[in-house]
Amino acid sequence: MEVCDPVTFEAFRLRLRFLRSETAGALFDAMALRIQAIASHTGMSGIFKLKAADVFEVERVEKVEGFLSGEACPRPDDALTLEGHRSELRGLQWLSERINRASDLAALLDAVLEALDTYFGFRHAMLLLADEATGRLVTLGSRGYGEAGIGAEVAVGEGLIGTVARERRVLRISGLDQDLAYSRAIRREVIADPAGSPVAAEIPLPGLKDARSALVIPLAVCDHLVGVLAAESRDPVAFDEWHEAYLEVLGNQIALGLERMSEPGEEKEAEAAPAAPAAPGAGRRHRFVFYRNDDCLFVDGEYLIRNVPGRILRRLLCQFLGEGRTAFTNRELRLDPSLGLPAFRDNLESRLVLLRRRLEQKCPDVRLESAGRGRFTLVAEGPVELEERDSA
């Protein structure tokens with residue numbers, strides 16, 4: 001058989017001898033996870049799946065000249081490598097220092113993504129935290145995606161990220177675009193066959209539309225899924241076995257840091273304080289609309305946030321407008337049954353981080369500012385209005 005390197009376009013002729021077909025074991029499981037993730041991403045779960053993995057012995061390799069022509073895919077010149085004074089131990093120490101120095105969950109998310117960008121050259125990466133109440137993963141931190149990354153959701157079991165979350169196993173894919181093209185070709189054939197199995201709607205991948213490689217790592221503490229770390233690249237061979245093995249170790253450090261930051265800390269009761277009225281013209285007027293039927297909150301006609309973070313902001317705005325209150329604590333939110341927080345692992349800190357960052361994107365004149373561990377203030381630089389409706 002003849003094969004071609006996707007980066008260098010060099011071709012080789014292989015002489016192979018069939019050894020066996022495997023339907024179980026480490027090799028089969030690794031290949032099955034990859035195909036399962038691709039199938040889920042293209043709506044082909046249960047249809048496009050691995051039956052067996054054929055194992056061959058390579059008896060001879062010959063280079064084929066002139067098989068294809070083309071230029072190699074360039075690697076980023078500015079990406080740092082582990083050559084010289086850098087080492088595996090230094091990388092672990094560097095990231096651990098930043099995790100330990102983080103003062104809160106938001107700072108920890110930023111530190112992890114900055115370290116991955118600076119040390120590994122991961123220009124496109126995201127951190128998603130698990131929400132046990134909804135069975136979904138929510139993007140709380142990202143690099144390289146602009147505003148589109150924050151708040152993006154993925155259901156557990158859907159796509160590359162959701163599959164890794166469900167299986168709790170690392171997934172490293174090279175030539176991602178080729179795998180997706182092959183799966184979509186099969187999908188088209190299944191749809192065209194009247195007797196074919198029904199297929200699900202394709203799930204959009206949060207991130208690069210033209211990603212050619214991906215590395216997705218589950219973040220777990222014991223049996224508890226904390227979140228998922230996902231990195232993407234347009235380089236088809238951006239991630240190798242070293243990244244996979246080493247980042248598994250770093251993933252444990254990140255998971256422990258996220259778990260620690262998500263635990264309730266010492267919190268003091270906030271005293272109701274009258275808010276200074278905004279001077280006319282001091283800031284832009286913002287109009288919030290809360291829809292009771294689906295707990296969605298819009299600002300100035302645009303979607304802002306939903307579910308528990310939406311109910312939290314509604315509560316804060318009601319007290320701000322009705323009582324002039326600006327100081328709040330995490331503890332009082334946990335004790336408010338109207339918010340619907342789970343009794344165990346309420347993920348309140350991560351919900352507040354998401355709310356804070358969505359406000360920064362959509363409505364920077366209204367923001368939540370930290371006032372110490374477990375305390376924060378609501379700041380509005382201009383007039384705000386809140387309207388509640390039963391449905392849209």
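Student: Which residues touch the most other members of the largest nonpolar core?

Tutor: In this predicted model, the largest nonpolar core has 66 residues, and the ones that touch the most other members are Ile 254, Leu 258, Phe 288 and Ile 312. The largest share of this core, 10 residues, is supplied by helix α3, which covers residues 105-120. Another core, of 20 residues, lies apart from it, and Leu 33, Leu 137, Leu 160 and Ala 230 are among its members.

Student: What is Ile 312 in contact with, leaving aside its neighbours within four places in sequence?

Tutor: With those neighbours left aside, Ile 312 is in contact with Leu 333, Leu 339, Leu 348, Leu 352 and Leu 355. Ile 312 is also one of the buried residues of helix α7, a list that includes Val 308, Leu 316 and Phe 320.

Student: How do you know that the length of helix α7 agrees with what its residues should span?

Tutor: Helix α7 runs over residues 307-323, and at 1.5 Å a residue its 17 residues should span 24 Å; the end C-alpha atoms are 24 Å apart, so the two values agree. After α7 comes Gly 324, whose phi is positive, near 70 degrees.

Student: Why is Met 126 called buried?

Tutor: The relative accessible area of Met 126 is 3%, and because buried means under 20%, Met 126 counts as buried. Met 126 belongs to strand β4, residues 124-131, and its C-alpha is 5.7 Å from that of Gly 141, although the two are 15 residues apart in sequence.

Student: Why is Cys 222 called exposed or buried, and what of Cys 363?

Tutor: Cys 222 has a relative accessibility of 76%, and since exposed means over 50%, Cys 222 counts as exposed. Cys 363, at 0%, counts as buried, because that value is under 20%.

Student: How many disulfides does a search of the whole structure find?

Tutor: The search finds zero disulfides, which means that it finds no pair of cysteine sulfur atoms within 2.5 Å.

Student: Where in the chain is confidence lowest, and where is it highest?

Tutor: The mean is lowest, at 55, in helix α5, residues 176-192, and highest, at 96, in strand β10, residues 286-291. The chain as a whole averages a pLDDT of 80, with 76% of the residues scoring at least 70. Over residues 199-205 pLDDT stays under 50, and the model has 23 contacts beyond four places in sequence for them; over residues 268-281 pLDDT also stays under 50, with 21 such contacts. Where pLDDT is low, predicted coordinates should not be read in detail.

Definitions and conventions
Residues numbered from 1 in each chain as written. Predicted model: local features only at pLDDT ≥ 70, side-chain atom pairs only at ≥ 80, totals over all residues. Heavy atoms only, no water. Buried < 20%, exposed > 50% of the residue type's maximum accessible area, 1.4 Å probe, protein only. Helix = DSSP H or I, 4+ residues; strand = E, 2+ residues; numbered from the N terminus. Core = buried A, V, L, I, M, F, W, Y, C linked by side-chain atoms within 4.5 Å. Contact = heavy atoms within 4.5 Å. Expected span 1.5 Å × (residues − 1). pLDDT = per-residue confidence, 0-100.
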